[in-house]
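My notebook is open and I am going to look a few things up, one entry at a time. Here is what I have on screen.

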Amino acid sequence: MNNWKINPADVFAASPIVPVMVIEHLEDALPMAKALLDGGISVFEITLRTEAALAAIQQIADAFPNVFVGAGTVLNPEQYDAAVAAGAQFIISPGMTPELIAHAKQSTAPLIPGVATPTEVMTALAQGFTHLKFFPAEANGGVKSLSAIAAPLPQVRFCPTGGISPANVKDYMALDCVATVGGTWMLPKTGAIDIDWSAVTDSTKQAVALLS
């Protein structure tokens, strides 16, 4: 962890929302990032669920050097290194494995591992990880569950992701343990054609205003 160039706390503090970006078409990468940035979000999580993901990370990192660009859905060290080589400054995973944890400690980019239970939170904490992704948030009991899990572990900060929407986001952000949330509601549907990027900017502004 001594090799990390940035701190997960800085990523969490940079934006109240971390947009989970699934980029199917590379030509959408820069317009999507600009729409989010114009709306007030300067942290991007590009998931490694598509063939365009790594190239998208590289394009966005090159075009917007003053934002935090990260990779999500990272499952193994090979994906970790590929994302960092493409320009990812932080890594998010849906869960954690001993192999991934060990690799993260040697990398220059911090890992924000996914957790869903008290045991997983304690395991991450024992390995030195204090900034975690609570996933999938709503499926795991939502606000009540996270509040109960976090109560005996006040040193941990969470980014709940999965099922977050305008209807419940303020409830999550009201928890002391929550520093930011992962969301997709301001983004176009995966694979959408003829995207109105100005509408994405407007939705992003509304989302940020909701939490300001």
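How many residues apart in helix α2 are lysine 34 and aspartate 38, and about how many helical turns separate them? Lysine 34 and aspartate 38 are 4 residues apart in helix α2 (residues 29-39), so about one helical turn separates them. My helices (H or I, at least four residues) and strands (E, at least two) are DSSP runs, numbered from the N terminus.

**Ground rules**

I note that this is a predicted model, where local features need pLDDT of at least 70, side-chain atom pairs count only at pLDDT 80 or more, and totals for chains, interfaces and linings use all residues. Residues are numbered from 1 along each chain as its sequence is written, and side-chain values use heavy atoms, with hydrogens and water left out.

**Entry: the salt bridge**

I looked up why I should care about that pair in helix α2. The side chains of lysine 34 and aspartate 38 form a salt bridge, at 2.7 Å from N to O. To count, a side-chain nitrogen of Lys or Arg has to be within 4 Å of a carboxyl oxygen of Asp or Glu. I searched the whole structure and got 1 salt bridge. Next I checked how open the two partners are. Lysine 34 is partly exposed at 45% relative accessible area, and aspartate 38 is partly exposed at 40%. For my own use: buried is under 20% relative accessible area, exposed is over 50%, and partly exposed is in between (1.4 Å probe, protein chains only).

**Entry: cysteines**

How many disulfides does the structure hold? I found 0. A disulfide is a covalent bond between the sulfur atoms of two cysteines, and here the cut-off is a pair of cysteine sulfur atoms within 2.5 Å. I then asked why cysteine 159 has no such bond. Its closest cysteine sulfur is in cysteine 177, and because that is 11 Å away, it is too far for a bond. I checked burial as well: cysteine 159 is buried at 5% relative accessibility, and cysteine 177 is buried at 9%.

**Entry: the cavity**

I went looking for holes and got 1 cavity of 30 Å³ or more. On a 1 Å grid over the protein atoms alone, a cavity is a set of points where a 1.4 Å probe fits but cannot get out, and lining residues have an atom within 4 Å of a point. The largest cavity has a volume of about 60 Å³. That volume is the space filled by probe spheres set on the points, with grid points joined across faces, edges and corners.

Which residues line the largest cavity? Among them I wrote down Val22, Glu24, His25, Met32, Pro188 and Ile195. The lining divides into 6 nonpolar, 3 polar and 3 charged residues. In this count Ala, Val, Leu, Ile, Met, Phe, Trp, Tyr, Cys and Pro are nonpolar, Asp, Glu, Lys and Arg are charged, and the others, Gly among them, are polar.

**Entry: the loop between β7 and α7**

Asparagine 140 sits in the loop between β7 (131-134) and α7 (142-150). It is partly exposed at 27% relative accessibility. Leaving out residues up to four places away in sequence, asparagine 140 touches Ala116, Phe134, Phe135 and Ser145; contact means heavy atoms within 4.5 Å. I also took a C-alpha to C-alpha distance: asparagine 140 and glutamate 24 are 28 Å apart in space and 116 residues apart in sequence.

Proline 136 is in the loop between β7 and α7 too. The peptide bond from phenylalanine 135 to proline 136 is cis, with omega near -10 degrees.

**Entry: an unusual phi**

Threonine 73 is not a glycine, yet its phi is positive, about 55 degrees. I placed threonine 73 in the loop between β3 (68-72) and α4 (77-86). Threonine 73 is buried, at 18% relative accessible area.

**Entry: helix spot checks**

Alanine 9 lies in helix α1 (residues 8-14) and is partly exposed at 29%. From C-alpha to C-alpha, alanine 9 and isoleucine 112 are 10 Å apart in space, with their positions 103 residues apart in sequence.

Glutamate 99 is in helix α5 (residues 98-106) and is exposed at 52%.

Alanine 148 is in helix α7 and is exposed at 53%. Alanine 148 and aspartate 202 are 54 residues apart in sequence, and their C-alphas are 35 Å apart.

Conventions: 1 Å grid on protein atoms, 1.4 Å probe; cavity = no way out; pocket = protein on both sides within 12 Å on 5 of 7 lines; lining within 4 Å.
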